[in-house]
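This briefing goes through the fold, the core and the charged pairs of one protein. Please keep the sequence and the structure in view while reading.

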Amino acid sequence: MSDDDFGADSDVYADDDFDDEDGNAIEVPTARSVLEYLVKSVVENPDEVVVEAVERQGSITLEVTVAEGDMGRVIGRRGRVANSIRTLVRAAASKDGRSIDVDFVD
């Protein structure tokens with residue numbers, strides 16, 4: 001896989017493209033792109049997937065919101081799908097030079 005597979009071009013995520021005041025400034029473009037791709041691949045309603053980057057106490061949390069009936073698909077049996085997604089996204093975040101958390105929000 002290349003950087004282009006997940007939209008990690010530096011031109012796409014220029015700092016002036018995002019508003020820092022809304023708390024959703026992109027600081028981990030590779031991790032966010034990977035997360036969106038994985039979650040949209042699992043759910044029935046990919047258009048309703050929303051990923052927000054939130055900075056709390058110096059760490060970045062990517063919060064995922066999905067359609068009402070899709071949360072079970074994202075979490076999976078015993079949380080296996082969610083844990084797998086977290087593992088892959090944390091690996092992608094290392095390319096961004098950051099450590100992140102992934103939260104699935106109801």
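A residue is called buried when its relative accessible area is under 20%, exposed when that area is over 50%, and partly exposed in between. By this scale R56 is partly exposed, because its relative accessibility is 39%. The coordinates are those of a predicted model, and the notes below start from the overall fold before turning to the core and then to the salt bridges.

**Overall fold**

- The protein contains three helices and three strands, and these elements follow one another along the sequence in the pattern α-β-β-α-α-β.
- Of its 106 residues, 38% count as buried, while the area that the protein exposes comes to about 6,700 Å², with carbon and sulfur atoms supplying 43% of it.
- Among contacts with a separation of 6 or more, 58% are accounted for by residues that lie 24 or more positions apart.

**Strands β2 and β3**

- Strand β2, residues 59-65, runs parallel to β3 and is joined to it by six bridges; within this pairing, V102 of β3 is the bridge partner of L62.
- In a regular strand, side chains alternate between the two faces of the sheet.
- Strand β3, which spans residues 100-105, has a covered face made up of I100, V102 and F104, whereas D101, D103 and V105 belong to its uncovered face.

**Nonpolar core**

- Nonpolar side chains tend to be buried together in soluble globular proteins.
- The largest nonpolar core here has 24 residues, and those that touch the most other members are L35, V39, L62, V89, I100 and F104.
- At least two residues of this core come from each of α1, β1 (50-56), β2, α2 (71-75), α3 (80-96) and β3.
- When residues up to four places away in sequence are left aside, V89 touches A31, V34, L35, L38, L62, I100 and V102.

**R32 and its partners**

- R32 belongs to helix α1, which covers residues 29-42, and R32 counts as buried because its relative accessibility is 13%.
- A polar atom of the R32 side chain lies 2.5 Å from the backbone oxygen of V51.
- R32 also forms a salt bridge with E36, in which the closest N and O atoms are 3.3 Å apart.
- Why are E36 and R32 separated by about one helical turn? The two are four residues apart in helix α1, and therefore about one helical turn lies between them.
- E36 has a relative accessibility of 25%, so it counts as partly exposed.

**Other salt bridges**

- A search of the whole structure finds five salt bridges, including the one between E44 and R73, whose closest N and O atoms are 2.4 Å apart.
- This pair links distant parts of the chain, since E44 sits in the loop between α1 and β1 and R73 in helix α2, 29 residues apart.
- Is E44 buried or exposed? E44 counts as exposed, because its relative accessibility is 55%, whereas R73, with a relative accessible area of 40%, is partly exposed.
- R56 forms a salt bridge with E63, and the closest N and O atoms of the two are 2.3 Å apart.
- E63 has a relative accessible area of 18% and is therefore buried, while its partner R56 is partly exposed at 39% relative accessibility.
- A network of salt bridges links R56, E63 and D103, and D103 is also one of the residues on the uncovered face of strand β3.

Note on methods:
Residues are numbered from 1 along each chain as its sequence is written. This is a predicted model: local features need pLDDT of at least 70, side-chain atom pairs count only at pLDDT 80 or more; totals for chains, interfaces and linings use all residues. Side-chain values use heavy atoms; hydrogens and water are left out. Buried means under 20% relative accessible area, exposed over 50%, partly exposed in between (1.4 Å probe, protein chains only). Two strands pair if DSSP finds at least two bridges between them. A polar contact is a pair of N or O atoms within 3.5 Å; within protein, one must be able to donate a hydrogen and the other to accept it, and residues adjacent in sequence count only if both atoms are side-chain atoms. A nonpolar core is a set of buried Ala, Val, Leu, Ile, Met, Phe, Trp, Tyr and Cys residues joined through side-chain atoms within 4.5 Å. Contact means heavy atoms within 4.5 Å. Accessible areas come from the Shrake-Rupley method with a 1.4 Å probe; for residues, only the protein chains shown count as cover. A salt bridge is a side-chain nitrogen of Lys or Arg within 4 Å of a carboxyl oxygen of Asp or Glu.
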